[in-house]
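This report describes a single protein chain, from its overall fold to selected side-chain environments. The sequence and the structure are shown first.

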Amino acid sequence: MKTWYMVVVVCFLAGLAQTSLALKEEDCEVCVKTVRRFADSLEDSTKKDYKLIETEFKKFCKAQKNKEHRFCYYLGGLEESATGILNELSKPLSWSMPAEKICEKLKKKDAQICDLRYEKQIDLNSVDLKKLKVRDLKKILNDWDESCDGCLEKGDFIKRIEELKPKYSHGEL
């Protein structure tokens, strides 16, 4: 009786650990959104053949820009791609695997794929600068082509942004 109980507890904990380790969209946002958009663009006749999926992905990549273009580069969807793990996308897509699972597998092959992030839009009129990360504060200054000479701590960056805010606060960044 005790052994059976232990088996149930171990299985429950393993299932709990698996769900908490599953990739979330925000952990790999460019990959998940790009894979979804690509999968939605495929015709039903193409969705079951991984070779056709690869051909369509290469066509899809030609029209991509910015983060999506970099994603295509990492997978091998561009002519100038140095390596290719395109079959890690095409085969799971042909099996109707969800985008999150595909990106989870791609991340295991190349961690850079999930390092791609969309840039946040910051509304200076409503944001609390103290809650932003230093890199976001630096980005605000960089977008303004301003520097913060001698800034060492977060408070220094906030002070500099507050000084410059009247000059630049005509909307969102």
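In this predicted model, Y168 counts as buried, because its relative accessibility is 18% and the cut-off for burial is under 20%. Its ring partner, W144, is likewise buried, with a relative accessible area of 7%. The rings of F38 and F57, which form another aromatic pair, are both buried as well.

**Aromatic pairs**

A pair of aromatic rings is described by the distance of the centres and the angle of the planes. The model contains 6 aromatic pairs. Two of them are set out below.

| Pair | Centre to centre | Angle between planes | Class |
|---|---|---|---|
| F38 and F57 | 5.1 Å | 80 degrees | edge-to-face |
| W144 and Y168 | 4.5 Å | 10 degrees | stacked |

F38 belongs to helix α2 and F57 to helix α3 (residues 50-62), so their pairing ties together parts that are 19 residues apart in sequence. The pair of W144 and Y168 links distant parts of the chain, 24 residues apart: W144 is in the loop between α8 and α9, and Y168 is in helix α9. Ring pairs also join F38 and F57 with F60 and F71 in a cluster.

**Overall architecture**

The chain has 9 helices and 0 strands. Of its 173 residues, 35% count as buried. Among contacts between residues at least 6 apart in sequence, 51% join residues at least 24 apart.

**Helix α8 and the loop that follows**

Which residues of helix α8 are buried? In this helix, which spans residues 134-143, they are D136, L137, I140 and L141. These residues lie on the same side of α8, because they cover an arc of only 145 degrees around the axis. R135 and N142 are exposed on the other side of α8. The cover over the buried residues of α8 includes α9, residues 154-168.

After α8 comes D145, whose phi is positive, near 60 degrees. The loop between α8 and α9 also holds E153, which counts as exposed because its relative accessibility is 57% and the cut-off for exposure is over 50%. The C-alpha atom of E153 is separated by 8.4 Å from that of V134, although the two residues are 19 apart along the chain.

**Two buried glutamates**

E29 and E54 each combine burial with the absence of a salt bridge. E29 lies in helix α2, which covers residues 29-41. For E29, the nearest side chain of opposite charge is that of K33, 4.5 Å away; a salt bridge would require a side-chain nitrogen within 4 Å of a carboxyl oxygen. A polar atom of the E29 side chain does, however, lie 2.9 Å from the backbone nitrogen of Y118. Leaving aside residues up to four places away in sequence, E29 touches L116, R117 and Y118.

E54 lies in helix α3. Its nearest side chain of opposite charge, K51, is 4.3 Å away. What polar contact does the side chain of E54 make? The partner is the side chain of S90, at 2.8 Å. With residues up to four places away in sequence not counted, E54 touches L86, N87 and S90.

**The surroundings of Y118**

Y118, whose backbone nitrogen lies by the side chain of E29 at 2.9 Å, is located in the loop between α7 (112-115) and α8. At 27% relative accessibility, Y118 counts as partly exposed. Y118 and E29 are 89 residues apart along the chain, and their C-alpha atoms are separated by 7.5 Å.

Where does the side chain of Y118 make a polar contact? That contact is with the side chain of E68, at 2.7 Å. Again without residues up to four places away in sequence, Y118 touches E29, V30, K33, T34, K67 and E68. K33, the nearest side chain of opposite charge to E29, is thus also listed among the residues that Y118 touches.

Conventions. Residues are numbered from 1 along each chain as its sequence is written. This is a predicted model: local features need pLDDT of at least 70, side-chain atom pairs count only at pLDDT 80 or more; totals for chains, interfaces and linings use all residues. Side-chain values use heavy atoms; hydrogens and water are left out. Buried means under 20% relative accessible area, exposed over 50%, partly exposed in between (1.4 Å probe, protein chains only). Helices (H or I, at least four residues) and strands (E, at least two) are DSSP runs, numbered from the N terminus. The arc is that of the directions from the helix axis to the C-beta atoms. Contact means heavy atoms within 4.5 Å. Lys and Arg count as positive and Asp and Glu as negative; His and the chain ends are not counted. A polar contact is a pair of N or O atoms within 3.5 Å; within protein, one must be able to donate a hydrogen and the other to accept it, and residues adjacent in sequence count only if both atoms are side-chain atoms. Rings of Phe, Tyr and Trp (its six-membered ring) pair if their centres lie within 6.5 Å; planes under 30 degrees apart count as stacked, over 60 as edge-to-face and the rest as tilted.
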